[in-house]
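Reader: I have a model open on my screen and would like to learn how to read it. Could you walk me through it, feature by feature?

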Amino acid sequence: MKILLKKPYVFWLILIFILYLILNVIFSGFYNTIQSIFIYYKTIEWFKLGFSILLTLIIGVLVSINAVSFYIKYKERKNLKKCKEAGVLGGVGTVGGLITGVCPLCVTGLIPLILSLFGISFSFAVLPFGGIEIQILIAIILSISLWMMWRK
């Protein structure tokens with residue numbers, strides 16, 4: 001893991017993290033929600049919003065570490081089959097992070113957009129914790145992917 005902090009890889013980590021956050025904000029429509037936060041600040045559950053944003057940042061860090069780790073391990077092994085399982089989990093975690101968005105309760109996200117094409121109404125607000133459980137599951141999936149990639 002120390003190799004990730006060396007010069008070319010640390011720049012890739014930062015670039016992928018920023019790119020992931022930008023895509024997440026754009027896909028989820030969080031840029032519209034930011035304007036509403038100032039208007040409805042008294043009705044917002046600040047703990048849930050803060051925890052959701054923290055989880056989004058954690059997922060972004062895990063996505064960038066997964067992407068750079070996959071590249072490093074692929075380069076070391078020169079064999080895609082050995083990296084395949086961890087890469088699939090990393091890809092699932094990345095897509096899952098983009099699906100939930102920044103704040104699963106207050107933004108659109110990709111799943112509701114896709115389901116709306118078929119006339120199905122869906123929101124993560126119907127889940128017991130408002131979609132935060134999905135973000136925790138995604139962080140666990142990305143952590144397992146990292147563990148699989150770096151085990152010996």
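Author: Happily! Let's start with one residue: Ile14 is found in helix α1.

Reader: Is Ile14 buried, exposed or partly exposed?

Author: The general idea is to look at relative accessible area, where buried means under 20% and exposed means over 50%. Ile14 has a relative accessible area of 46%, so it is partly exposed. In space, its C-alpha atom is separated from that of Gly60 by 9.9 Å, while the two residues are 46 apart along the chain.

Reader: Which residues make the nonpolar surface patch with Ile14?

Author: Ile14 is joined there by Ile18, Leu19, Ile22, Leu23, Ile26, Phe27 and Tyr31, and the patch covers about 710 Å². Helix α1 gives the largest share, seven residues. Leu19 is another residue of α1, and its relative accessible area of 48% makes it partly exposed.

Reader: How far should I trust what I see in α1?

Author: Keep in mind that this is a predicted model, so pLDDT, the predictor's confidence in each residue, is the number to check. Helix α1 (residues 7-28) has the highest confidence, at a mean of 90, whereas helix α5 (residues 110-116) has the lowest, at 67. For the protein, the mean pLDDT is 81, and 86% of the residues reach 70 or more.

Reader: How many helices and strands does the protein have?

Author: There are six helices and zero strands, which gives the pattern α-α-α-α-α-α when read along the sequence. Of the 152 residues in the protein, 36% are buried.

Reader: Which residues of α6 are buried?

Author: For a helix, look at its span and then at where its buried residues point. Helix α6 (residues 132-150) has 19 residues and reaches 27 Å from first to last C-alpha, close to the 27 Å expected at 1.5 Å a residue. Its buried residues are Ile132, Gln135, Ile138, Ala139, Leu142, Ser145, Leu146, Met149 and Trp150. These residues lie on the same side of α6, because they cover an arc of only 135° around the axis.

Reader: And charged side chains? Which residues meet in a salt bridge?

Author: Here the test is a side-chain nitrogen of Lys or Arg within 4 Å of a carboxyl oxygen of Asp or Glu. The structure holds one salt bridge: the side chains of Lys48 and Glu45 meet at 3.8 Å, N to O. Lys48 has 27% relative accessibility, so it counts as partly exposed.

How values were computed
Residues are numbered from 1 along each chain as its sequence is written. This is a predicted model: local features need pLDDT of at least 70, side-chain atom pairs count only at pLDDT 80 or more; totals for chains, interfaces and linings use all residues. Side-chain values use heavy atoms; hydrogens and water are left out. pLDDT is the predictor's confidence in each residue, from 0 to 100. Helices (H or I, at least four residues) and strands (E, at least two) are DSSP runs, numbered from the N terminus. Patches are made of residues with over 30% relative accessible area and no salt bridge: like charges are joined within 9 Å, nonpolar side chains (Val, Leu, Ile, Met, Phe, Trp, Tyr) within 5 Å. Accessible areas come from the Shrake-Rupley method with a 1.4 Å probe; for residues, only the protein chains shown count as cover. Buried means under 20% relative accessible area, exposed over 50%, partly exposed in between (1.4 Å probe, protein chains only). The expected span of a helix is 1.5 Å times one less than its number of residues. The arc is that of the directions from the helix axis to the C-beta atoms.
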